[in-house]
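Me: I would like to learn how to read the features of a protein model, one feature at a time. Could you take me through the one shown here?

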Amino acid sequence: MIKVGCRGFSRARAEYYRHLSLVEVQRTFYKPPRLETCQRWRAELPRDFEFVIKAWQLITHEPSSPTYRKTKLEVDRTDRYGSFRPSDEVLGAWEETLEVAKVLKSRVVLVQFPSGFTPAAEHMANMQAFFDTVDRAELILAWEPRGDWGDEEIGELCRGLDLIHCVDPFQRLPVHGELAYFRLHGKSGYRYRYTDEELKTILDCCGTYAEAYCLFNNVSIFDDALRLKGQASFTCR
């Protein structure tokens, strides 16, 4: 099965779910919404509609990140946030992410790394301790590494920590995971529109997995998602 969706609701929700039954929620990365808001989203969308959420940036990103400034997010101790630090603040941010996932009945949580999170010994130790400690609540965790990560390092961590390797298939192929999670950022950047032949390439990549998620993150996300669904010759949502 292939599941197709967009980064965020690219249309009014009522129109969006008439065509697509999967969305990747970005708001949870910047600052998790109130649980009442999540309850409303869940109640107004069909039962089979699926929310993937992004883990809160307090877990992964340093307070110096521009994504903190974008949401006017201020923290009191800059040495207590980001990079999977073994702090109460980071673990608390995961608990809030987990609460949102439960309300939205999410199956998958996306953990996106900043490019500055490199395979340094301290980073890898923090990552190991974090995933060994937190309650996963049977969630599938998809990891999108950025920066200088080699396939061997990624594969070792994914196998050891039970993570799905999330990729843009036009940049690299996943090295681990029975389920595929593809994020499509545009071959030459955000303003890129995929050709029919490139959409076929995406489907070919999906065809090697029993289940694949395809989330578009480019300027024509909604149109490209619908075109991909239209090309699919196997079970598609």
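Reply: What follows goes from the strands to the helices and then to some single residues. This is a predicted model, in which local features need pLDDT of at least 70 and side-chain atom pairs count only at pLDDT 80 or more, while totals for chains, interfaces and linings use all residues. Residues are numbered from 1 along each chain as its sequence is written, and side-chain values use heavy atoms, with hydrogens and water left out.

Me: How are the strands arranged, and in which sense do they pair?

Reply: Helices (H or I, at least four residues) and strands (E, at least two) are DSSP runs numbered from the N terminus, and two strands pair if DSSP finds at least two bridges between them. Here eight strands form a closed barrel in the order 1-2-3-4-5-6-7-8, with parallel pairing. On average, and with direction ignored, neighbouring strands of this sheet are turned by 25° against each other; such angles run from 0 to 180 degrees between N-to-C directions, and the axes are lines fitted to C-alpha atoms, for helices over the stretch in contact.

Me: Which strands pair with strand 2, and over how many bridges?

Reply: Strand 1 (residues 2-7) is joined to strand 2 by two bridges, and Cys-6 has Val-23 as its bridge partner in strand 2. Between these two strands the chain passes through helix 1 (residues 13-19), in a β-α-β crossover that is right-handed, a term used if, with the strands pointing away from the viewer, the path from the first strand over the helix to the second runs clockwise. Strand 2 also pairs in the parallel sense with strand 3 (residues 50-54), over four bridges, where Leu-22 stands opposite Glu-50 and Val-23 has Phe-51 as its bridge partner.

Me: Are the faces of strand 2 covered or uncovered?

Reply: A residue is buried under 20% relative accessible area, exposed over 50% and partly exposed in between, using a 1.4 Å probe and protein chains only. In strand 2 (residues 22-25), both faces are covered, since Leu-22 and Glu-24 on one side and Val-23 and Val-25 on the other are all buried.

Me: What does strand 7 look like by the reading used for strand 2?

Reply: Six of the six residues of strand 7 (residues 179-184) are buried, with Leu-179, Tyr-181 and Arg-183 pointing one way and Ala-180, Phe-182 and Leu-184 the other. Strand 7 pairs in the parallel sense with strand 6 (residues 164-167) over two bridges, and Val-167 stands opposite Phe-182. Six bridges join strand 7 to strand 8 (residues 211-216), also in parallel, and there Ala-180 has Ala-212 as its bridge partner. The chain gets from strand 7 to strand 8 through helix 9 (residues 196-206), and this β-α-β crossover is right-handed.

Me: At what angle do helix 9 and helix 10 pack, and which residues meet?

Reply: Contact means heavy atoms within 4.5 Å. Helix 9 and helix 10 (residues 221-231) pack at an angle of about 65°, with their axes 10 Å apart. Asp-196, Leu-199, Lys-200, Ile-202 and Leu-203 of helix 9 meet Asp-224, Arg-227, Leu-228 and Gln-231 of helix 10. These residues divide into four nonpolar, one polar and four charged, where Ala, Val, Leu, Ile, Met, Phe, Trp, Tyr, Cys and Pro count as nonpolar, Asp, Glu, Lys and Arg as charged, and the others, Gly among them, as polar.

Me: Is Glu-198 buried or exposed?

Reply: Glu-198, which lies in helix 9, is buried, with a relative accessible area of 11%. Leaving aside neighbours within four places in sequence, Glu-198 is in contact with Phe-170, Lys-187, Tyr-192 and Arg-193.

Me: Where is His-61 found, and what is it in contact with?

Reply: His-61 is in the loop between helix 4 (57-60) and helix 5 (66-70), and at 6% relative accessibility it counts as buried. With neighbours within four places in sequence left aside, the contacts of His-61 include Phe-29, Tyr-81, Gln-112 and Pro-114.

Me: Which residues have a positive phi?

Reply: Most residues other than glycine have a negative phi. Among the residues with a positive phi here is Lys-72, at about 55°, which is in the loop between helix 5 and helix 6 (88-104) and counts as exposed at 75% relative accessibility. Lys-105 also has a positive phi of about 55°, and Asp-162, which follows helix 8, has a positive phi near 55°.
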